[in-house]
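Okay, thanks everyone for coming. I'd like to walk you through one structure today, starting with a single pair of side chains and working outwards. Have a look at it first.

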Amino acid sequence: MGFDGMNCPNCGSELPHAVTRAKMIACEYCESTVLLEDDALKTAGTKGVMAEEPSLFVLGRELHYRRESFLPVGQARFSYAQGWWDEFWAVDGGGEGVWVSVDEGEIAVERPYEIDIPLRPDRLKLGATVSLNGETFRVTEADHATCTALRGEFPETLHVGQTYDYWHLSGPMGRLVTLEYADGEFAASEGVWVDPYLIRSENAQA
Amino acid sequence: MTDGFDTNTARLASINCTSCGSPLPALAGHRAKSLICNYCGAVMDRHDEYRLLAQYRDMQRPDGPFAIGMSGDLFGVEHTIVGVVGINATIEGHGYAWTNYQLYSPTHGYSWMTWSDGHLTHSRKTRDLPETGGNFAYKAPLAAAGRMFKMYEEYVARISYLEGELTWVPALGDATRVIEAIDPPYGYAVALGDSETEFEFSTYLDRAETLAAFGVTDEFTRAHTVHAIQPFIPGAFHTALAKAGKVFAPIAAVIALILLAIGGGEKIAEATIADPFAGGSVVFPLDSSHRLVEVGITANVYNSWSWYDMELTNEDTDETIAEFDGGVEYYAGRDSDGAWTEGSQFAAFRFKPPAPGSYRLSVKAGDPKSSTVPLKVEVKRNVMITRYLFMLAGFALLMWISLWWRGARFESRRWGEDEDDDD
Amino acid sequence: MTRIVFVIFALATAGATYAGVYGIGGEDKQIAKSIRSGSSGRVGYIGGVK
């Protein structure tokens, strides 16, 4: 792809573009999110208002956790019944993109998870058991969330105002699988819990 | 949205108790599930419009240095005290009580600070599950969170007091079986509740530093026990003495042994005096006034004694340098305890000459009742002494051992194996 | 602190070695006293007899 020297189709400002795999960028200067499709740039929607909150994760600041490192490049905020959480799209030490969910010190690194059986949203009730890839999980959270704000770059298209159904499935030995359902499709990721007290940053504000 | 913790809404500073109307601080984040009123004991559901769930009146707030609303730095992270939980437990027949403070940090979430008999510890939920397990025997190893812990104790903790914002909906009297393992200054606990098992990682906190961080003046009783995960931290001076002792005890001992081996002196003259009453003398050259000279007298006295007058003269000037006397006595026998001996057939006299030169030592029996046995006179120069080095080696060893001893005593107090420490 | 104590122990070891080699303090007091006073008289009990 050739997006060097890209400019926002809405306000004309230069778009920062750090990750080649990004498919969407929130403009720093105006309210727009911009889709990167083939050689064309297209306004996708608005980026919403991201209230400043204390966070261990800050866009563009690399973090170290045990033997891994993460560079957050995108931040999406979702609100749910109890409050809100952030999903950071980050590049890990191996150059792979990962999602990191951050909710008041509950931090999980999420990597894609293949589901071997078809799932039905109406069967995923709180407390229900689900067998995935030979492991038994229990539905520990079933809720829906709305995207409220976007910053930085993303590997997929996200829209402020879009609502997702999601489920947290807890398995043996602290295993966590998150299911998302939007537009008739499931997406699954496997989460690995991160101890916030072991996260190191060069100039952590925490 | 069911409460005020929306992204775009300013945090509420306080909320009124839905039961008694008292204003209560609202400091925790949205994941805290309950709020317990410290005036009326109402337990409210924070996720359901502060609905009243239960009420516990007349709860006695447990002792402790902190109060809800206090903030302080722990591990470089600002934590705020949002809740208080009193715990009672019976361990090996003894009743114990401690106070857990629910901490909240917007970046690090929820954790605990515990005040127990004047000790402070921090605990947080961990997802690092035990890698080994099943064996809860005393001192059995437990690998978890990249460390090797030792099983410490097992008890049932019961909630005796509730206040403020907590991450779950508690009930007074709720019991949790806890298994604790330690690797000071860290601890690892498995808490087996009714519905779920949680794992906690604990760190011992420096009391003075922590109280200062939270702005609390330390006017509390000092800890008189050793906490399970309290590290043994001797004073810097004793640590330094022990380290130096460990290095210098063998060095001083080796040098002492070398001096012992080579420092017996070099024989420079010898004479046998057949008749002590007639006397005799021995002449010897001394090349240094700084090295020790030893005159050894051997006489085979047996159940008798000999006494000699000695005179040291400078051969070159014929000047008397010193006059002294001394002798030997030796007794032996047998009694109900077996054979015994007393005294010695040898006597040594050590001196340094006033100047290098040739010296004569004259020896003559100095008492008419003295034994008549012949005597042998032997003169050695460059005699060394080892007592300073042995004393130093002993002191160094003592410093080294004393620290080890203090550490061992501390460990035995930690494990409750010290008979003197029966708290 | 450790460095200071190590220096003190090193000095003490050196001092003890020096004093040992040169027999400092190893003289019989009575003989030393007699030598200092220029050989005046007997100096009392020394040696094996009590």
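**From one salt bridge to three chains**

So, let's start with Arg111(A), which forms a salt bridge with Asp92(A), the closest N and O atoms being 3.2 Å apart. That pair links distant parts of the chain, with Arg111(A) sitting in strand β8 of chain A and Asp92(A) in strand β6 of chain A, 19 residues apart. Keep in mind that this is a predicted model, so every number I give you today is computed. Over all chains, the count comes to 26 salt bridges.

Let's stay with β8(A) for a minute. Which strands does β8(A) pair with? On one side there's β7, residues 97–103 of chain A, joined to β8, residues 106–112, by five bridges, and the two run antiparallel. If you want a landmark in that pairing, Trp99(A) stands opposite Glu110(A) in β8(A). The other partner is β13, residues 185–194 of chain A, again antiparallel to β8(A), with six bridges. There, Val109(A) has Val192(A) in β13(A) as its bridge partner.

Now the turn. The hairpin of β7(A) and β8(A) has two residues between the strands, and in it Glu104(A) takes a positive phi near 50 degrees. Remember Glu104(A), please, since that residue comes back at the contact with chain B.

Zooming out to the whole of chain A: the chain is divided into domain 1, residues 1–47, and domain 2, residues 63–200. Their centres, taken over C-alpha atoms, are separated by 25 Å. Domain 1 of chain A puts 15 residues into the contact, and domain 2 of chain A puts in 19 residues. How much area is buried between domain 1 and domain 2 of chain A? About 1,200 Å², with carbon and sulfur atoms giving 53% of it. On the domain 1 side, Arg21(A), Met24(A) and Lys47(A) lose the most area to domain 2 of chain A, together 47% of what that side buries.

For the polar side of that interface, the rule finds zero salt bridges between the two domains of chain A. It does find four residue pairs in polar contact there, both residues at pLDDT 80 or more. On domain 1 of chain A, the elements that each supply at least two residues to the touching side are β1 (24–26), β2 (32–37) and β3 (40–46). The largest share, three residues, comes from β1(A). By type, that side divides into nine nonpolar, three polar and three charged residues.

Okay, on to the contact between chain A and chain B. Chain A gives 27 residues and chain B gives 29 residues. Together they bury about 2,500 Å², 50% of it on carbon and sulfur atoms. And here's our hairpin residue again: Gln82(A), Glu104(A) and Tyr197(A) supply 35% of the area that chain A buries against chain B, more than any other three residues.

How many salt bridges are there between chain A and chain B? Five. In one salt bridge, the side chain of Glu104(A) meets that of Arg31(B), at 3.9 Å, N to O. There are also 15 residue pairs in polar contact between chain A and chain B, both residues at pLDDT 80 or more. On the chain A side, β5 (68–80) and β6 (83–92) each supply at least two residues. β5(A) gives the most, with three residues. That side of chain A divides into 13 nonpolar, seven polar and seven charged residues.

Last stop, chain C. Chain A and chain C have no contact, and their closest C-alpha atoms lie 31 Å apart. Of the two pairs of chains that touch, chains B and C have the most contacts. Chain C contributes 36 residues and chain B contributes 45 residues. Between them, chain C and chain B bury about 3,400 Å², 68% of it on carbon and sulfur atoms. The salt bridge count between chain C and chain B is zero, while six residue pairs are in polar contact, both at pLDDT 80 or more. On chain C, the elements giving two or more residues to the side that touches chain B are α1 (2–21) and α2 (29–36). The largest share, 12 residues, comes from α1(C). By type, that side of chain C divides into 17 nonpolar, 15 polar and four charged residues.

Key. Residues numbered from 1 in each chain as written. Chains lettered and ligands numbered in written order. Predicted model: local features only at pLDDT ≥ 70, side-chain atom pairs only at ≥ 80, totals over all residues. Heavy atoms only, no water. Contact = heavy atoms within 4.5 Å. Buried area = accessible area lost by both parts, 1.4 Å probe. Salt bridge = Lys/Arg side-chain N within 4 Å of Asp/Glu carboxyl O. Polar contact = N/O pair within 3.5 Å; in protein donor to acceptor, adjacent residues only side chain to side chain. Helix = DSSP H or I, 4+ residues; strand = E, 2+ residues; numbered from the N terminus. Nonpolar A, V, L, I, M, F, W, Y, C, P; charged D, E, K, R; others polar. Pairing = 2+ DSSP bridges. Domains from an automatic or database assignment.
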